Amino acid sequence: GKLFTLNPDDGKVLDRKTLGTMVRASPLFVDGKLFMNDVSRGAYIFKPTEKGLDQLARVRIPSGEECH
């Protein structure tokens, strides 16, 4: 999947991130951070900045664990 950060004033792309695989779930924005999961059990945490997103973490959810 691809994650784009847009400037809210003019819609121009500020940043683009490539995630491991497809993302089907909606992202969550909690405590100033963006949380996303991909279909290959990857979990990502990003923090918004003036220039886009900083990736704070990427973890792999163990096989057999469910993530909803």
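What pLDDT does the protein chain average, and what share of the residues score at least 70? The structure is a predicted model, and the chain averages a pLDDT of 86, with 94% of the residues at 70 or above. Among the strands, confidence bottoms out in β1 (residues 2–6), where the mean is 89, and peaks in β3 (residues 28–30), at 94. As a general caution, predicted coordinates should not be read in detail where pLDDT is low.

On to the overall fold. There are six strands and zero helices, so the pattern read along the sequence is simply β-β-β-β-β-β. Along the principal axes, the C-alpha atoms fill a box of roughly 45 × 25 × 15 Å. Taking contacts between residues at least 6 apart in sequence, 17% of them join residues at least 24 apart.

The surface and the charges come next. Of the 68 residues, 21% count as buried. The chain exposes about 5100 Å², and carbon and sulfur atoms supply 52% of that area. As for charge, there are 11 positive and 9 negative ones, and their mean positions sit 7 Å apart.

What about the interior? The largest nonpolar core is a set of seven residues: L3, L19, L34, M36, Y44, F46 and L53. Two elements, β4 (33–37) and β5 (42–49), each give two or more residues to this core. In soluble globular proteins, nonpolar side chains tend to be buried together. Y44, one of the core residues, has a long list of partners even with residues up to four places away in sequence left out. Y44 touches the core members L19, L34 and M36, and its other contacts are G20, F35, D38, Q55, A57 and R58.

Two further residues are worth a look, starting with V13. This residue is found in strand β2, which covers residues 13–18. Leaving aside residues up to four places away in sequence, V13 touches F4, T5 and L6. L3 is ten residues from V13 along the chain, and the C-alpha atoms of the two are separated by 10 Å.

Then there is I61, in the segment after β6 (52–60). Is I61 buried or exposed? With a relative accessible area of 16%, I61 is buried, because the cut-off for that label is under 20%. R41 is 20 residues away from I61 along the chain, yet the C-alpha atoms of the pair are separated by 5.1 Å.

Key
Residues numbered from 1 in each chain as written. Predicted model: local features only at pLDDT ≥ 70, side-chain atom pairs only at ≥ 80, totals over all residues. Heavy atoms only, no water. Helix = DSSP H or I, 4+ residues; strand = E, 2+ residues; numbered from the N terminus. Buried < 20%, exposed > 50% of the residue type's maximum accessible area, 1.4 Å probe, protein only. Contact = heavy atoms within 4.5 Å. Areas by Shrake-Rupley, 256 points an atom, 1.4 Å probe, with all protein chains shown as cover. Lys, Arg positive; Asp, Glu negative; His and termini not counted. Charge placed at Lys NZ, Arg CZ, Asp CG, Glu CD. Core = buried A, V, L, I, M, F, W, Y, C linked by side-chain atoms within 4.5 Å. pLDDT = per-residue confidence, 0-100.
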